[in-house]
Structure formats: C-alpha cells, structure tokens
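Okay, thanks for making time, everyone. I'd like to walk you through one model today, starting with the overall picture and then going into a few spots.

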Amino acid sequence: KSGGFFFCNTGLLELSLGKFRNVLLNQTNPVEAVIRNIASNVTVIIFQVHAQRSDVVISFDKNPSVNSSGTGVDKGLVSILRPQQSVCTWYLRSLDASQVFSTAISIPYMEKDPIPGGCNLEFDLEVDPNIYLDYTLVDIHIKFAPANLGYTRGANPPSCDSGTGQNSRWRLRYDVYQYFLPENDLSEMVLMSHIRKMSEVQSIKANGIKMLTLTTDDKTNVYFSSLPGQGVIYNVIVWDPLWNTSAAYIPVHTYACSFADLVDNCSSLSKLSTKVFFTALAFLGLFTCFFGHRFWKTDLFFMGFIFAGFFFFVFITRVTGLGYDVRLILTAVAGIIGGLFLVASWWRFGSVLLCMFIIGLVLGFLFSSTVFFTPLGDYRVFRDDVVFWVTFSSVALMIPVLFVGCPRILNILASGIVGSYAVILAIACYVYTSLAYITLDLLRRVLNDYFSRAYTNVPFQTNDFIILSVWTMLALSGVTVQLRRERSEVPFPPHPYLAWKRERERRSTNVLDPSHHIPPLRERIHNKLLHIKELFQKEQPAGERTPLLL
C-alpha cells in the first residue's frame, strides 16, 4: 500500500466495486482482474485502467480480439451482467517489454442508469464507453459514442433508432467536463491520484469544470485549445432527465506533447530560437516599461517592432511552408524594419497622432485579447468568426479612440503594460504559465481557420497568480514612475526634422553665430582631402640655401 493505493504485481488482481487498485503490467504475463459477490441490483459494471505514457490492453478474454478489447493509456470495457451473475473477469497486459505502472477501477450502475457508449456505431466494441482523444499543437479533439437507456438484467437493450421521443435514448444529455492537473508536474503518481477525481459521477461534478452540454441532436465530439506540457483530464457524464440518473464515460488525459521525443518533448517544449527571441524582446520591453516616454524613439521602435512582427509572422505563415526557426528569424528582421520605419516616420513627418494610433492599437490588441482570454471568449456566439472579429476589433479600436485627447497618458500606459507583458512572455519560455495564451490564442485563431470551434479554457493556479502579480507590479511601477517623472516635461519632444531645418536657417542668417562662418560642406571635404594628400607627398631637395638679408 502506498499513498492510499494498493499495488499488485501478481497474476491475479482482486477488485472491489468503486475501489482503485494500482497494478504493474508487463507484456508476457497478463493480469487477471476479478470482482466477486456482485449485488443483484447491479446491472452494468464499467471496468477501466489508466497509465501515463505506455499503452495497455484490456480485454474480456486471455487472447484479445478486436471486438472484445481496447488498447490505449485510458481504456475501459462495459460488462452487461446476466441474471444470477455475481463474478466478472477481465485481463490486462502492457504492450511494452518493461513494466508499466497503471491504476484500475470498476464502477457499478443500476438498471435506470444510462449506459455510456450503448449506441455505438463508429468504433469496434459493441458497447464502447471510451473517449477517443487526438491532439495537435493547436487543438485537442475528443469524441465518444452515444449512450443508451439502462435496462434490467436479462432484458433486451432498448433500440437506438426506434424514434426520437421521450421514451428513447434521444432524451439523454451529455455534460463535458475538464480537469487540470497541477502545473509543471509530469509525475505518474500525481496523474493517478487526480484521475480518480474524474472517474465517478459525483467526484466529476465536485472537481471538474463543466464546459458544455450536448443533446442527442449534437455531434458527440468537442474541440479544446491545446496546452502543451499541461496535464488535462476530460470526461463526459450522460444524464437521463426522466429518471434523473447519470453515468460517467472513461476519463482520458493528455499533455499535448510527447514523452518519447528527444527534442521538444514534454520536459523541454520551448525551442532555443523562441527563448532567444522573447528574452531579447523582454529586455527591450523592460526598458520601455520604465523609460519608454523619456526615450521616445526607443518606445516607437519597440511598438513598431511588435506591430510589424505580428502581422509579418501571420502573413509568412499563411502563404509559405517555411520552418518555424526560419519564420521567427524573418519575423525579427521584419520587426526591426517596422520599428525603424516608425522612428523614421516620426523624424521626417513628426505626426504624433499617427504614432499614437499605432501605439494605441498595440495596447488595444492586448486589452481585447485579455477580454477574450476570460470565460467570455467561450460564449457560443463568438464561435462565429464575423461576430468575433467585429467585436475584437471594436474593443481594440476603443483604446486609441478613448485616449485621443491625452496621447501622453496613452503612451505611458502602453509602454508600461505592453513592455511588462513582454517580460511575461519571456518567463513563459522557461516556466509554464497560462498568461502566455492571452496572445497565443489570438495568434492561433488568426492562423487556423477552424480554431473558432475550440474551447479556450486554461488553468489558473498558484504559478499563474505569482506571475500575474509580477506583471501587475511591473506595469504599475512603470506607469507610476513615468507619470511622476514626466509631469513637468513637455508632452512630446519637438518635431526633429522641423527643429533641424529651423536650426539650419538660423545659422545661415545669423552672422554673429560662429557656425555662420563655417565653409560649405563641399569646400570642407575638398580641403580635408588636400590635407590628406599633402601627408603622402615627399619633401623636395632644398639645394643651395642663401640666408635672407635683413
């Protein structure tokens, strides 16, 4: 016994209904799992086994077949009990040659409880209570078979296609739940201790987050945003509103990453190029956070870099198939050009309104992304791309419009908030934090046409509260320092090009100014070249010298 669990590594695993047992599985010797003395009012038993990384095989027979077994890290079988049956047996083994640590549980249900996967028409098992999960770096897709109504032992199961009335399976409802594992923890024991919280109906309701409810008219598949490196458990509760009874499917977990890959595995997700890019951006952002308004051209460069880099990365990802590292390098180059262009535009035209509009847009995009980062972003109405982008753009444009009369305040707020968020993005390259998804989910929606169907809920745990406090402290400190330092200064520096022209005109008309008597540039260059030429000429022989007569 360890940590509240019982271990078994023998060939026989004695189970009790509703109790977890840990078991070590291997490839050669299958473990026989047995439940005895089953009560007569139990009509269905769902037996399930879970492992963290390695697939296990669960079957009704010692020699598993496709229609009587399941293979995966989270698998289960439904045993429909016969009259007078009081013993159930299943067989477990791993696919790996080495031992696999797993946990198993059997959950009983009565005759009025719905049967998960009882109307399966898509998968191999006749009754399939499993949730099937696929993931990419962008989203996670879960799907499951429809349930059927419960029935007594020995009776024929209700028909799955005999009408759509209240006496058929069409009255059933499906509640989809999500549960986040502790951040930055990839251990097996943590997974096993938390997956039991998502296995039975009451514990799922108490610990999980209810994301949505599906009716029988809806497709039984759901999409979520992918969170690489963060453990997530999903499960579905099927509810019969007539009898007010429920049953749970087999919980399924994912980290949205691979433990086996040598590079970019679950333990080291951020690429070196990403770390270099955002670390450099963080230093510039930290300087801008506290000194952005004082060093106006540096502030313009920072905001122009972000503005140009974001749109260039979207463009190059959409139209080319270049690798990530190449795209990131080109994005850095485009960002530098964009930053220099904004600085040059200010120097030549001196338009504060144009510069402040771009700076306001950057702050507005971050503010709008933060709004949709909240549960508001998962409202069904925003699944429509037109509704989403119109609302998002309106919120983003609201910032420069509201501050059109006080550009200095807008610039200080933007430099403090955006600059400090650049530090948070750099932290996210080394330590997981959900705050990175404020902007990452926006980028995913821009780049992927079907990301609108994904629910974007993320965990918010102790680590996130600490990093949120750091962001808040940096932003408030930066804004406060700049407001106090700049309150007695002019709102913005004078137009540099006009100042240069006025200075040139003053020097050309003021004869008392020493600079008025400076030769033209062309003459000065000519004189300098003559001087250099004289340095390389040989001294001529003097011949006979006659002293001068006074």
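**The chain as a whole**

So, the protein chain here has 12 helices and 19 strands. Keep in mind as we go that this is a predicted model. There are 550 residues in the chain, and buried ones make up 47% of them. If you take contacts between residues at least 6 apart in sequence, 76% of those join residues at least 24 apart. The accessible surface of the chain comes to about 28,200 Å², and carbon and sulfur atoms account for 61% of that.

**What the record says about the membrane**

Where does UniProt put the feature "transmembrane region"? The entry, which is unreviewed, places that feature at residues 276-293, 300-320, 326-347, 354-374, 386-406, 418-440 and 465-483. I looked at a couple of those spans in the model. Residues 276-293 are 89% helix and 0% strand, and the C-alpha atoms at the two ends lie 26 Å apart. Residues 354-374 come out at 95% helix, again with 0% strand, and there the end C-alpha atoms are 31 Å apart.

While we're in that part of the chain, have a look at Phe287, Phe291 and Phe295. Those residues form a nonpolar patch on the surface, with about 260 Å² of accessible area together. Phe291 sits in helix H3, residues 272-291, and with a relative accessible area of 34% it is partly exposed.

**Helix H9**

Now on to helix H9, residues 437-447. Is this helix mostly covered or mostly uncovered? Mostly covered: nine of its 11 residues are buried. The buried ones are Tyr437, Ile438, Asp441, Leu442, Leu443, Arg444, Arg445, Val446 and Leu447. And what do they pack against? One strand, E15 (221-225), and then several helices: H4 (296-319), H6 (352-373), H7 (385-402), H8 (407-428) and H10 (462-486).

You'll have spotted two arginines in that list of buried residues, Arg444 and Arg445. Let's take Arg444 to begin with. This residue of helix H9 has a relative accessible area of 7%, so we call it buried. Leaving out residues up to four places away in sequence, Arg444 touches Leu137, Val138, Ser225, Ser226, Pro228, Tyr437 and Phe451.

Then there's Arg445. Which residue does Arg445 form a salt bridge with? The partner is Asp385, and the closest N and O atoms are 3.0 Å apart. That pair links distant parts of the chain, with Arg445 in helix H9 and Asp385 in helix H7, 60 residues apart. Arg445 has 10% relative accessibility, so it counts as buried, while Asp385 is partly exposed at 33%.

**The other salt bridges**

A quick reminder on the chemistry: side chains of opposite charge can pair when their charged atoms come close. How many salt bridges do we get in the model? The count comes to seven, and I'll show you two more of them.

One is Glu122 with Lys143, where the closest N and O atoms are 3.6 Å apart. Glu122 lies in the loop between strand E10 (100-109) and strand E11 (131-135), and Lys143 lies in strand E12 (residues 139-144), so the pair ties together parts that are 21 residues apart in sequence. Glu122 counts as exposed, at 53% relative accessibility, and Lys143 as partly exposed, at 24%.

The other is Asp175 with Lys210, and here too the closest N and O atoms are 3.6 Å apart. This pair also links distant parts of the chain: Asp175 is in strand E13 (residues 173-180) and Lys210 in strand E14 (residues 209-215), 35 residues apart. Asp175 is at 9% relative accessibility, so it counts as buried, whereas Lys210, at 47%, counts as partly exposed.

**Two backbone details**

Last thing, for anyone who likes backbone angles. Gln84 has a phi near 70 degrees, a positive value in a residue other than glycine. Gln84 is in the loop between strand E8 (74-80) and strand E9 (88-94), and it is exposed, with a relative accessible area of 76%. Asn184 isn't a glycine either, and its phi is positive too, about 60 degrees. You'll find Asn184 in the loop between E13 and helix H1 (188-195), where it counts as partly exposed at 46% relative accessibility.

That's my tour, so over to you for questions.

Notes
Residues are numbered from 1 along each chain as its sequence is written. This is a predicted model: local features need pLDDT of at least 70, side-chain atom pairs count only at pLDDT 80 or more; totals for chains, interfaces and linings use all residues. Side-chain values use heavy atoms; hydrogens and water are left out. Buried means under 20% relative accessible area, exposed over 50%, partly exposed in between (1.4 Å probe, protein chains only). Helices (H or I, at least four residues) and strands (E, at least two) are DSSP runs, numbered from the N terminus. Contact means heavy atoms within 4.5 Å. UniProt positions are given in the numbering used here, feature names are shortened, and annotations may be inferred rather than shown by experiment. Patches are made of residues with over 30% relative accessible area and no salt bridge: like charges are joined within 9 Å, nonpolar side chains (Val, Leu, Ile, Met, Phe, Trp, Tyr) within 5 Å. Accessible areas come from the Shrake-Rupley method with a 1.4 Å probe; for residues, only the protein chains shown count as cover. A salt bridge is a side-chain nitrogen of Lys or Arg within 4 Å of a carboxyl oxygen of Asp or Glu.
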